[in-house]
Amino acid sequence: VTGAAQSRRWNEYVARYHYLGYTPMSGSQLRYNVFAGEQLVALISFGASAWKLKPRELFIGWQEPERLRNLQLIVNNARFLILPWIESKGLASKILAKIARQLPHDWHQRYGYRPVLLETFVESERHRGTCYKAANWIHVGQTTGRGKKSSTHQQIVPIKDIWLYPLRNNFASLLCA
């Protein structure tokens, strides 16, 4: 997404059609409009990773100093929306596969480094994460439901499944370096 007009349309469609709505992302981010020929079929965005996720940290095998040093190498799939009037079997997993190939190049072009791992959260009471599974993302556990800005140890938001997608075969050694 480049330019004010594309940005406004992306924000409007996500606000209108995504169940979480639109909220501005802070920090490093990329937003994409996905087309099939001339037809807009989907919108997807990526931004800063979650600060701490026990199942992710266990999957990676890193310790606190490595996490603090290398967290920016993980990018979060914040929104993914297939427009409601689009019906195409397997479209979501195909988009996820293509974006996993494209995003590292785009991220490097914009921010000067390549991420090595993608993450996303799927609200399990709403969705099963089928498209992520079909695109070879790895289910590593669930969130605690505390939310990213919680100061309490109580569940305040829905529990979500955590899915990860390594962009490099040696992602763990790179993150633990």
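The questions and answers below concern a predicted model.

Visitor: In what order do the 6 strands of the open sheet lie?
Guide: The sheet is open and its pairing is mixed. Neighbouring strands are turned by 30° against each other on average, direction ignored. The order is β1-β2-β3-β4-β6-β5.

Visitor: Which strands stand at the edges of the sheet?
Guide: An edge strand here has a single partner strand, so one side of it is left without a neighbour in the sheet. This applies to residues 30-36 and to residues 138-142. The strands at the edges are β1 and β5.

Visitor: Do β1 and β2 pair in the parallel or the antiparallel sense?
Guide: The two strands form a hairpin with 2 residues between them, where G37 takes a positive phi near 65°. V34 stands opposite A42 in β2. Over 7 bridges, the sense of pairing is antiparallel.

Visitor: What is the bridge partner of I74 in β4?
Guide: Strand β3 covers residues 74-82 and strand β4 covers residues 117-123. These strands pair in the parallel sense over 4 bridges. The partner of I74 is L117.

Visitor: Which strands does helix α1 touch?
Guide: Helix α1, residues 3-17, packs on the sheet. The direction of the helix makes about 85° with that of β1. The strands touched are β1, β2 and β3.

Visitor: How many residues of β1 are buried?
Guide: Buried residues have under 20% relative accessible area. β1 has 7 residues and is mostly covered. The number of buried residues in β1 is 5.

Visitor: Why are R16 and E12 separated by about one helical turn?
Guide: R16 forms a salt bridge with E12, with the closest N and O atoms 2.6 Å apart. E12 is partly exposed, at a relative accessible area of 37%. The separation is about one helical turn because, in helix α1, the two residues are 4 residues apart.

Visitor: Which residues are linked with R56 in a network of salt bridges?
Guide: R56 forms a salt bridge with E57, the closest N and O atoms being 2.9 Å apart. R56 also meets E119 in a salt bridge at 2.7 Å, N to O. That pair links distant parts of the chain, since E119 is in strand β4 and R56 in helix α2, 63 residues apart. The residues linked with R56 are E57 and E119.

Visitor: Is L58 buried or exposed?
Guide: L58 lies in helix α2, residues 54-60. Exposed means over 50% relative accessible area. At 64% relative accessibility, L58 therefore counts as exposed.

Conventions. Residues are numbered from 1 along each chain as its sequence is written. This is a predicted model: local features need pLDDT of at least 70, side-chain atom pairs count only at pLDDT 80 or more; totals for chains, interfaces and linings use all residues. Side-chain values use heavy atoms; hydrogens and water are left out. Buried means under 20% relative accessible area, exposed over 50%, partly exposed in between (1.4 Å probe, protein chains only). Two strands pair if DSSP finds at least two bridges between them. Axes are lines fitted to C-alpha atoms, for helices over the stretch in contact, and angles run from 0 to 180 degrees between N-to-C directions. Contact means heavy atoms within 4.5 Å. A salt bridge is a side-chain nitrogen of Lys or Arg within 4 Å of a carboxyl oxygen of Asp or Glu.
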